[in-house]
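These are my notes from going through one model. I kept each entry to what I looked up.

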Amino acid sequence: MDSAAAVRHPARSPRSRFTALGSRVLALIGVLLVAGLVALFPGSDEPLGTDAPADVFSAARAGEHIDAIATGPRPLGSTAHADARDHLVAVLEELGWSTRVDSGVGWMARSGEATQRGARVQNIVATRDGTDPTGTVVLAAHYDTVRGSPGAGDDGIGVGTVLEVARAIDSGPPPRNDVVVLLTDGEENGLLGAHRFVGTESVRAGPVVVLNHEARGNAGTPTTFRITSPNGILIDSLAGAPGANADSLTELIFEALPNDTDFRRFAEHGHHALDTAISAGSAYYHSPLDTPDRLSRTSLQHMGDTSLTTARTLAGSDLTTVGDGGDQVVTTAPWGLLHIPRWAEIVGAITLAGIVGAIVVLQVRRGETSAWQVGAAVAVALLAAVLAAGAAWLPWWIVQTVDPGMAAPVADEPYRPGVFQFAAVVAALGVLLVARSWWGRGRPAAALTCGAFTLVALLALAGIPFAGVPLTMLVLILPAALGLLVALLLPQRDTVWPLVAITLGALGSLIFGLPAVLVSFDAGLLYGAPVAGLFVAFTFAAVLPLCEPFASTTRGLVVSATGTIAIVVVGTLLAGYLNRDGATDPRQEYLWYSLDADRGAAVWGSPDGPRSDWSEGLLTTGPESLPTAFPWREYRPMYHGPAPVADLEAPEVEILEDTTGGSARKIRLRLSSPRNAQAVGLWIDNTTAHVHGATVDGFRAEPSDDFGFLFWAPGADGIEVELTLSMLESRLGVRVADLGDDLGEVAGFEPPADRVVVQPTVAVTRTLQL
């Protein structure tokens with residue numbers, strides 16, 4: 001070091017160095033303790049009983065509705081579905097709301113899928129007129145379920161919330177705006193009820209704001225993860241609700257999941273909307289175990305409190321101003337929602353870059369590091385963050401590879417994910433500790449701090465096109481960066497106040513970072529663990545200034561690596577033991593059945609590989625496409641095996657009208673199911689004809705060269721289908737099928753004693769030449 005540097009950094013006695021290190025240790029421990037308390041004890045809503053005041057939300061009262069409808073699966077076309085509808089209508093009528101059932105066809109034609117989806121849906125619409133309406137507030141949830149699931153979470157929690165919020169609104173002052181309860185039908189089959197609603201309902205008065213309620217599990221913190229734009233007034237209204245949780249970043253993460261909600265239809269139609277859901281406990285999602293006794297009443301109370309307050313605020317607001325509310329970005333702080341204008345997020349990203357740049361310049365000028373070392377540290381920090389994300393995912397991947405039955409097949413999640421989550425965090429943290437130990441052997445610690453901060457600042461700038469990304473980077477690193485900058489600007493002989501500034505900055509970052517790590521796991525281990533690993537990396541960066549006095553040695557590197565490996569291995573083994581077969585709720589497996597009525601042959605099938613000896617005995621081949629047995633799966637691979645031939649009637653096709661002119665042909669058919677199955681389907685052999693026009697049960701479907709559809713709730717009389725064709729062959733090739741969910745119809749089938757079947761399906765298919 002040159003003489004100038006020696007002046008700036010006078011030699012310290014061993015005692016002073018010990019005192020400085022001890023101060024850093026105490027500060028770091030204090031920061032971790034305070035931030036940990038904030039992360040682990042965010043507060044919860046104690047479920048209220050039926051004796052709660054009439055004008056507040058009660059989980060017990062809402063739970064009564066869930067108990068009533070979630071006694072068993074209620075897919076479209078089932079008796080249980082009709083019973084649930086009747087119960088819900090009776091509840092709303094008893095509340096005194098103007099209630100009706102809107103029946104009609106809902107439809108979905110998804111890009112990239114040949115099989116379109118439709119249904120005769122029956123939306124429940126109930127209205128409370130406002131005293132001086134400027135618009136309409138819609139409380140929305142869906143009351144149907146997938147096959148085989150009672151749907152206490154998906155979407156019993158939404159239905160219970162909406163009904164209890166409606167009752168509580170009646171107990172307070174009359175709302176200014178019209179309020180509508182909308183319980184949609186056919187959400188699970190393609191957002192069909194919402195499609196029907198937005199296509200047929202006229203706006204009662206002014207703009208429409210929809211509060212949609214959903215679930216991808218049975219527990220966790222209700223989070224508003226999507227909000228339409230402009231969103232300023234919507235976020236302001238949400239921010240006034242107790243315990244409200246929202247994050248602009250979640251919309252980007254949600255798009256990576258294979259899920260959707262009715263929110264999409266509302267948004268596409270131009271309605272303003274908020275989409276709120278719980279997503280922890282996703283092992284129970286879409287399963288036979290999604291029962292009322294397994295639904296978190298704390299989550300129900302939390303969702304209800306937030307929804308009631310938000311609905312009341314919007315019901316009393318001037319909704320004509322919603323469209324002029326501007327765009328905001330939002331995240332959740334320990335004290336409530338932190339939301340700023342979109343432009344402020346962009347300015348914040350630029351400001352963060354400036355602050356980090358100032359830190360780098362000061363550190364370089366003081367001889368603590370050099371520009372090239374900072375550049376190298378950026379690359380190391382990036383690699384460490386990526387490896388931390390991968391390491392967080394690794395424990396679950398290993399166990400799932402060894403024992404695939406441990407994962408519930410719909411969400412690839414175990415019943416008890418807690419220890420897996422701990423192992424994921426330790427694995428990510430271990431990677432970062434090893435990286436720091438490696439870097440610190442002969443390289444300045446200040447360079448790694450500058451490199452990590454620079455990386456986050458660059459990510460904030462790169463994320464400017466994506467709302468929410470810069471804000472996330474800001475709350476994770478800006479407090480720590482400000483603390484470090486203040487410390488660098490203070491007199492260097494002062495050992496107390498620079499430490500105070502760095503400590504407060506690190507604490508400010510950690511109270512955002514640690515909850516972000518925990519909440520990431522609500523998306524499940526498959527998706528959430530890597531995201532949690534990234535948040536661990538960003539949070540680790542925030543405490544690097546406090547860690548600079550800690551020496552990096554070869555011994556430290558070895559201890560970090562071996563310690564991490566040991567803890568992760570023990571944690572993974574313990575997690576596997578806690579989730580072993582027989583120690584949890586019954587494991588889940590897909591099982592579908594298809595009978596080819598033409599050949600008198602049948603097959604078991606599954607979109608998922610066998611997960612037990614039981615399923616291995618049934619699914620002996622695959623995966624490969626089975627378009628004849630499961631035409632709605634098109635050419636997606638299926639595991640399969642031979643099955644007994646059940647005595648089931650095939651779907652019927654009756655020609656009602658048939659006219660031909662040259663190669664053009666118009667044919668009208670009736671497609672029905674003699675066994676009164678829940679759905680019927682039809683697919684055209686595209687080597688025999690191209691479809692130029694199609695009407696299904698009165699609805700104009702999307703024509704295509706590879707046309708097919710699956711239609712739910714066709715009723716005993718079936719549906720009419722009208723096709724306009726250009727013929728390629730003399731006869732039209734048609735494949736038809738009907739679908740039910742009772743595997744008991746298959747003679748000789750015995751359900752496994754220690755397994756539950758997810759989304760059971762019984763299909764009968766046949767081919768016709770017309």
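Entry 1. Leaving aside its neighbours within four places in sequence, which residues is Ser606 in contact with? I found Tyr590, Leu619, Met638 and Tyr639 on that list. I placed Ser606 in strand β11, which covers residues 601-606. For Met638 I also looked up the spacing: the C-alpha atoms of Ser606 and Met638 are 5.5 Å apart, with the two positions 32 residues apart in sequence. I then followed the side chain of Ser606 and noted that one of its polar atoms lies 2.7 Å from the backbone oxygen of Asp608. Is Ser606 buried or exposed? I entered Ser606 as buried because its relative accessible area is 1%, and buried begins under 20%.

Entry 2. I checked confidence, since this is a predicted model. The protein has an average pLDDT of 91, and 93% of the residues score at least 70. By element, I noted the highest mean, 98, in helix α3 (residues 59-69), and the lowest, 36, in helix α1 (residues 3-8). Over residues 1-19 the pLDDT is below 50, and I read nine contacts in the model for this stretch beyond near neighbours in sequence. Where pLDDT is low, predicted coordinates should not be read in detail, so I left those contacts alone.

Entry 3. I went to the salt bridges, of which the count is 31. One of them joins Arg226 and Asp260, with the closest N and O atoms 3.2 Å apart. This pair links distant parts of the chain, 34 residues apart. I located Arg226 in strand β6 (residues 223-227) and Asp260 in the loop between α8 (249-254) and α9 (263-268). I put Arg226 down as buried because its relative accessibility is 1%. Asp260, at 27%, counts as partly exposed.

Entry 4. Which side chain meets Asp581 in a salt bridge? I found Arg755 there, at 3.0 Å from N to O. Here too distant parts of the chain are linked, the two residues being 174 residues apart. Asp581 sits in the loop between α18 (554-578) and β10 (587-596), and Arg755 is in strand β22 (residues 755-769). I looked up accessibility for both: Asp581 is partly exposed at 40%, whereas Arg755 is buried at 9%.

Entry 5. I stayed with Arg755 and found a salt bridge to Asp754, at 3.3 Å from N to O. Asp754 has a relative accessible area of 44%, so I listed Asp754 as partly exposed. Which residues do shared salt-bridge partners join into one network? I wrote down Asp403, Asp581, Arg587, Glu589, Asp754 and Arg755.

Entry 6. I turned to the surface and looked up a nonpolar patch. Leu394, Trp397, Ile398 and Val402 make this patch, with an area of about 390 Å². I placed Leu394 in helix α12, residues 371-402. Is Leu394 buried or partly exposed? Its relative accessibility is 39%, so I entered Leu394 as partly exposed.

Terms used
Residues are numbered from 1 along each chain as its sequence is written. This is a predicted model: local features need pLDDT of at least 70, side-chain atom pairs count only at pLDDT 80 or more; totals for chains, interfaces and linings use all residues. Side-chain values use heavy atoms; hydrogens and water are left out. pLDDT is the predictor's confidence in each residue, from 0 to 100. Helices (H or I, at least four residues) and strands (E, at least two) are DSSP runs, numbered from the N terminus. Contact means heavy atoms within 4.5 Å. Patches are made of residues with over 30% relative accessible area and no salt bridge: like charges are joined within 9 Å, nonpolar side chains (Val, Leu, Ile, Met, Phe, Trp, Tyr) within 5 Å. Accessible areas come from the Shrake-Rupley method with a 1.4 Å probe; for residues, only the protein chains shown count as cover. A salt bridge is a side-chain nitrogen of Lys or Arg within 4 Å of a carboxyl oxygen of Asp or Glu. Buried means under 20% relative accessible area, exposed over 50%, partly exposed in between (1.4 Å probe, protein chains only). A polar contact is a pair of N or O atoms within 3.5 Å; within protein, one must be able to donate a hydrogen and the other to accept it, and residues adjacent in sequence count only if both atoms are side-chain atoms.
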